[in-house]
Amino acid sequence: MSPHLPARHRPAVRRLLTPLAGATAGVLVTGLAAAPARAGAGAGEPLGSVARTAGHARYQPGPCPRTADPAPGLKGARCGTLTVPESRQRPDGRKITLGVAVVPAAHRTADDPVVWLAGGPGDDAVSEIQLALNGGLNRDRDVVFMSQRGTYAADPALTCPNVDEFTARSVGLVYDARSTGHQHVRATRACRNQLTARGADLAAYDTTESAADYADLRLALGVEQWNVFGISYGTDLALTYMRLHPKGIRSVGIDGVLPPSLAGGAVTWKAAREGFDGLFKACAEQPACNARYPDLKGTFERLVSRLEDDPVTTTVPVPGRPEPAEVVLDGGALVNWLVSATHVAAGVPRSIDELAHGKPQRVAEQWAGGKLSPQAVGRMSHGLAYGVFCREWTPFESRADVSRAGHREFPSFPRSVVANAPLLAFLHGDCRAWHVPAADASVRDVTRSDIPTLVLSGGFDAQTAPSSGAYAARTLSRSTELTIPYVAHVVFADSPCAQSITRSFFNTPTAPDKGCLAGLKPPAFEIAP
């Protein structure tokens, strides 16, 4: 959810992200259907190396997709495109292509691959290859990456640089002011107009269609059975995929859990409460941290109210620019900063203390940094993001629901702060501008399944509530539900223990090795002189 953190930390609910030149829409829709093989292409052919048609979908081997971040892991990958209908309600209509990359196992011991589901919504899976490989996900199995519809390596890529450019400008605005909201919605409306002018059917970019894309990919690759691993919003997609297309799924891992039945602003406030409290508690239990930063929770909450009433303005240097950028810190900005700053938890108490003593620089630089980076422009699929938000979230949750949830979790926060859920500011206004029909109410159904599932949460996760993992696991009869302490959103990104458990799970889905949990320790918090 946070564009100012490194790519592997970008959250999972909202980012403020050039289409690949792919084959033209109708070119890849003919061919002979083939029966699925266990791990791919049939008679000794490596997974991803054979063209195949499955219903209205067609996989075609070809060049590897481009990525938003360097991806040396693509060297040696087998790549191509999946062509599918833009809308399955009109299967003979417009076609779209999705970039595919299959990274071979380092030491293959299993025939069932893992398919990676990216977060966002709107992040590109192929651009997350290094995150997966850094965690050793391909140690024993091939790993399959496919760009979700509308994302960076898809054609069309529903990116809107104007929204990213507004996000950069917004660091100099009061975060939750009405005037900021008006500009936010104008940028969203301009994005919509750009995409519809290019012919995009915006109602076709949602979780239900993406789940069908993955079901088609399995068949088009000729895979009899595979494993699914979703992070952040990818957990919403994974749970939907399990519910609608369970055939061929051997096991599922979900990390940073966002159940479709809860997705929206209210649960985001709950996540902030749980993640913040986890970090504050860890500091209070560490004698040096507690002595230097007593009542860190109270200090932070008082700062939110103080800054909302009287925002602080400072400047931060911008690499590559001669002039510094002006940054405004109000209460809403501070809340959103901490949601993402849980990824760098060791420095959070010091940053809060410095801000409380009139030194806002550390917080301002972290809050603004990634938003001002040129790399943040043109990488996020706002078309997919708003398709999910506006079809699946806001129709089932009112603005009052969001405010009530914020007040329940943070009773001392001003009304102007709780009106906007973290990382989802002005979302109802944006969705009125996006103007797509609500999805069928079944999109909010709870997933009930006996597919073995690993459910991972982070004790410092302020973006997807740790309690949401337990909630999802209740209806997954063969699930292993774990919270990794002292780790923020998407534990696979930062925790060697979580990586080890995940690899063990895919080898033995009903009995993963959890022994590493016993040795985990809290961070050593920075102690200022």
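Mentor: A salt bridge is a side-chain nitrogen of Lys or Arg within 4 Å of a carboxyl oxygen of Asp or Glu. The model is predicted, so local features need pLDDT of at least 70 and side-chain atom pairs count only at pLDDT 80 or more, while totals for chains, interfaces and linings use all residues. Residues are numbered from 1 along each chain as its sequence is written, and side-chain values use heavy atoms, with hydrogens and water left out.

Trainee: How many salt bridges does this rule give?

Mentor: Side chains of opposite charge can pair when their charged atoms come close. Under the distance rule stated above, the count of salt bridges is 27.

Trainee: Which residue forms a salt bridge with arginine 94?

Mentor: Arginine 94 is partly exposed at 33% relative accessible area, where buried means under 20%, exposed over 50% and partly exposed in between (1.4 Å probe, protein chains only). Its partner is buried, at 4%. The closest N and O atoms are 2.8 Å apart, and the partner is glutamate 86.

Trainee: Where does glutamate 86 lie in the chain?

Mentor: Helices (H or I, at least four residues) and strands (E, at least two) are DSSP runs, numbered from the N terminus. Glutamate 86 is in contact (heavy atoms within 4.5 Å) with residues including Lys95, Arg149 and Tyr205, leaving aside neighbours within four places in sequence. Its place is the loop between β3 (78-85) and β4 (95-103).

Trainee: In which helix do arginine 350 and glutamate 354 both lie?

Mentor: Arginine 350 forms a salt bridge with glutamate 354, with closest N and O atoms 3.1 Å apart. Arginine 350 counts as partly exposed at 24% relative accessibility, whereas glutamate 354 counts as buried at 13%. The two are four residues apart, about one turn of the helix, and that helix is α10 (residues 348-356).

Trainee: Which arginine meets glutamate 354 in a salt bridge at 4.0 Å?

Mentor: The distance of 4.0 Å runs from N to O between the two side chains. The arginine is partly exposed, with a relative accessible area of 23%. It is arginine 362.

Trainee: What is the angle at which helix α8 and helix α9 pack?

Mentor: Phe300 and Leu303 are among the residues of α8 that meet residues of α9, including Leu334 and Val335. The residues of this contact divide into seven nonpolar, two polar and one charged; Ala, Val, Leu, Ile, Met, Phe, Trp, Tyr, Cys and Pro count as nonpolar, Asp, Glu, Lys and Arg as charged, and the others, Gly among them, as polar. Axes are lines fitted to C-alpha atoms, for helices over the stretch in contact, and angles run from 0 to 180 degrees between N-to-C directions. The axes are 7 Å apart, and the angle is about 145°.

Trainee: How many residues has the largest nonpolar core?

Mentor: A nonpolar core is a set of buried Ala, Val, Leu, Ile, Met, Phe, Trp, Tyr and Cys residues joined through side-chain atoms within 4.5 Å. In soluble globular proteins, nonpolar side chains tend to be buried together. Leu82, Trp269, Phe276 and Phe300 have the most contacts inside the largest core, whose residue count is 119.

Trainee: Is serine 495 buried or exposed?

Mentor: Serine 495 is found in the loop between α17 (491-494) and α18 (496-507). Leaving aside neighbours within four places in sequence, serine 495 is in contact with Ile484 and Val487. Because its relative accessibility is 5%, serine 495 counts as buried.
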